[in-house]
Amino acid sequence: MTPTVLTPILDWLDIAGIAVFALSGAVLAARLKQTFVTMAFFALVTGVGGGTVRDLLIRAPVFWIDDPTVAAVCLGTALIAWFTPIRWWEGKGFDYADGAGLAAYAVIGSAKALAYGIPPIPAALMGVITGCVGGIIRDVVAGRPSIIMSPELYVTPAALSAVLTVGGMSAARLMGISHQWAWGLAFICGFALRSAAIRWEWGLPSYGERGRDHAPPPR
């Protein structure tokens with residue numbers, strides 16, 4: 001089964017997500033003072049890592065193997081990072097762009113999983129994997145703690161976009177309307193939550209945090 005999954009909207013979201021994640025990998029390599037080859041490698045694994053794991057799990061052809069555009073986008077972003085100062089990519093502006101890529105990838109991952117006949121709950125999880133795994137691979141290779149190991153809302157916005165994609169596509173099918181409304185709403189909500197987390201530093205409570213607040217003082 002090889003259905004046509006991407007429409008123009010998802011196609012643009014896909015390319016944007018790949019570019020943003022690839023750039024985040026290349027910029028991290030630049031901060032570590034690595035060579036261009038390392039920057040290109042980081043850009044590639046960050047840009048395609050989540051989608052590759054998703055495609056393997058849903059038994060689909062790996063999306064970037066037969067599409068030369070994807071590797072070209074990753075290498076192009078590595079070139080941009082190589083020839084630009086790191087200060088251009090510092091600050092919260094880049095975090096917001098990463099949040100947009102996260103939400104876009106979560107929508108694409110869930111929509112593609114549904115198109116390949118994956119049930120709703122695993123399909124939503126495929127959206128989370130698509131959005132988060134590339135960054136996890138990047139951080140593990142770089143030997144630094146991943147953002148998912150902090151209380152900051154990161155996986156949660158991806159999960160929100162994924163769940164809304166799955167639920168919205170089911171509702172759109174019942175109402176006889178285009179899936180594009182579901183994709184757009186899911187992207188906006190996930191990006192809004194991630195943006196709020198960046199702006200106001202929202203996070204989830206850590207395990208045992210509540211208990212420590214009410215625990216008796218040590219003797």
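How many helices and how many strands does the chain have? Here are a few friendly notes on this predicted model.

1. **Overall make-up.** The chain holds eight helices and zero strands. Following the sequence from start to end, you will read the pattern α-α-α-α-α-α-α-α.

2. **Dimensions.** The C-alpha trace spans about 65 × 45 × 30 Å along its principal axes. The radius of gyration is 18 Å, which agrees with the value near 17 Å for a compact globule, because the chain has 219 residues.

3. **Contacts along the sequence.** Take the contacts in the chain with a separation of 6 or more: 76% of them are between residues 24 or more positions apart.

4. **Inside the fold.** Of the 219 residues, 44% are buried. The largest nonpolar core has 49 residues, and Ile18 and Ile58 are the ones that touch the most other members. At least two residues of this core come from each of these helices: H1 (8-31), H2 (36-57), H3 (68-82), H4 (92-115), H5 (120-142), H6 (155-175) and H7 (179-200).

5. **A look at Ile18.** If you would like one residue to click on, try this one. Setting aside neighbours within four places in sequence, Ile18 is in contact with Gly47, Phe63 and Val70, and also with Val73, Cys74 and Tyr105.

6. **Surface and charge.** The accessible surface of the chain is about 11,600 Å², and carbon and sulfur atoms account for 69% of that area. As for charge, the chain carries 15 positive and 13 negative charges, whose mean positions lie 6 Å apart.

Terms used:
Residues numbered from 1 in each chain as written. Predicted model: local features only at pLDDT ≥ 70, side-chain atom pairs only at ≥ 80, totals over all residues. Heavy atoms only, no water. Helix = DSSP H or I, 4+ residues; strand = E, 2+ residues; numbered from the N terminus. Rg over C-alpha atoms; globule rule 2.2 N^0.38 Å. Buried < 20%, exposed > 50% of the residue type's maximum accessible area, 1.4 Å probe, protein only. Contact = heavy atoms within 4.5 Å. Areas by Shrake-Rupley, 256 points an atom, 1.4 Å probe, with all protein chains shown as cover. Lys, Arg positive; Asp, Glu negative; His and termini not counted. Charge placed at Lys NZ, Arg CZ, Asp CG, Glu CD. Core = buried A, V, L, I, M, F, W, Y, C linked by side-chain atoms within 4.5 Å.
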